[in-house]
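With the model open in your viewer, please follow the selections below in order, and keep the side chains switched on as you go.

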Amino acid sequence: MSENPILVKSFAFALRIIKLSRYLADEHKEFTLSRELLSSGTNIGRYVKEAISSESPDAFTSLMGKGLRNADVTEYWLQLIHFAEFIKDNEYESIEADRKELAKMLTKIVKTSKGE
């Protein structure tokens with residue numbers, strides 16, 4: 001994997017999401033929320049990877065925007081999982097801090113690529 005910071009961080013975040021999803025399914029038999037979280041949380045990196053190899057600046061911006069939208073959706077699923085008491089406060093705060101950092105990076109990338 002390249003040393004592109006957003007690519008590295010989104011990949012590491014996806015791995016955390018996979019582990020959390022597996023934990024929810026194995027320990028709590030929670031399959032619906034775990035699948036939703038798995039989808040949105042891993043799609044952040046998917047769109048980042050696609051954007052980096054996109055063929056045009058517009059495609060790059062659009063794909064990074066999709067990554068950002070998935071980061072926002074992931075926030076929702078993490079909040080539900082936390083408030084439903086499937087994860088402890090410190091676990092939520094740790095993964096949410098990573099998600100927020102990704103969202104901030106993606107916001108800056110999208111704004112910069114739009115010339116804002």
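Begin by selecting asparagine 70, which sits in helix H3, and bear in mind throughout that this is a predicted model. Asparagine 70 counts as buried because its relative accessibility is 13%, below the cut-off of 20%. Display its side chain together with the backbone of lysine 66, and you will find that the side chain of asparagine 70 reaches the backbone oxygen of lysine 66 at 2.9 Å. If you then add its surroundings, leaving out residues up to four places away in sequence, asparagine 70 touches Ser39, Ser40, Asn43, Ile44 and Tyr47.

Next, select residues 89-113, which form helix H4. H4 has 25 residues and reaches 35 Å from its first C-alpha to its last, close to the 36 Å expected at 1.5 Å a residue. Colour Tyr92, Ile95, Glu96, Arg99, Leu102, Ala103, Leu106 and Val110, which are the buried residues in H4, and show helices H1 (5-28), H2 (32-52) and H3 (57-83) alongside, since the buried residues of H4 pack against these helices. Just after H4, stop at glycine 115, where phi is positive at about 80°.

Finally, turn to the surface and select Phe11, Leu15, Ile18 and Leu38, which make a nonpolar patch of about 320 Å². H1 gives the most to this patch, with three residues. Within the patch, centre on phenylalanine 11, a residue of helix H1: is it buried or partly exposed? Phenylalanine 11 is classed as partly exposed because its relative accessible area is 45%, which lies between the cut-offs of 20% and 50%.

Definitions and conventions. Residues are numbered from 1 along each chain as its sequence is written. This is a predicted model: local features need pLDDT of at least 70, side-chain atom pairs count only at pLDDT 80 or more; totals for chains, interfaces and linings use all residues. Side-chain values use heavy atoms; hydrogens and water are left out. Helices (H or I, at least four residues) and strands (E, at least two) are DSSP runs, numbered from the N terminus. The expected span of a helix is 1.5 Å times one less than its number of residues. Buried means under 20% relative accessible area, exposed over 50%, partly exposed in between (1.4 Å probe, protein chains only). Contact means heavy atoms within 4.5 Å. A polar contact is a pair of N or O atoms within 3.5 Å; within protein, one must be able to donate a hydrogen and the other to accept it, and residues adjacent in sequence count only if both atoms are side-chain atoms. Patches are made of residues with over 30% relative accessible area and no salt bridge: like charges are joined within 9 Å, nonpolar side chains (Val, Leu, Ile, Met, Phe, Trp, Tyr) within 5 Å. Accessible areas come from the Shrake-Rupley method with a 1.4 Å probe; for residues, only the protein chains shown count as cover. A salt bridge is a side-chain nitrogen of Lys or Arg within 4 Å of a carboxyl oxygen of Asp or Glu.
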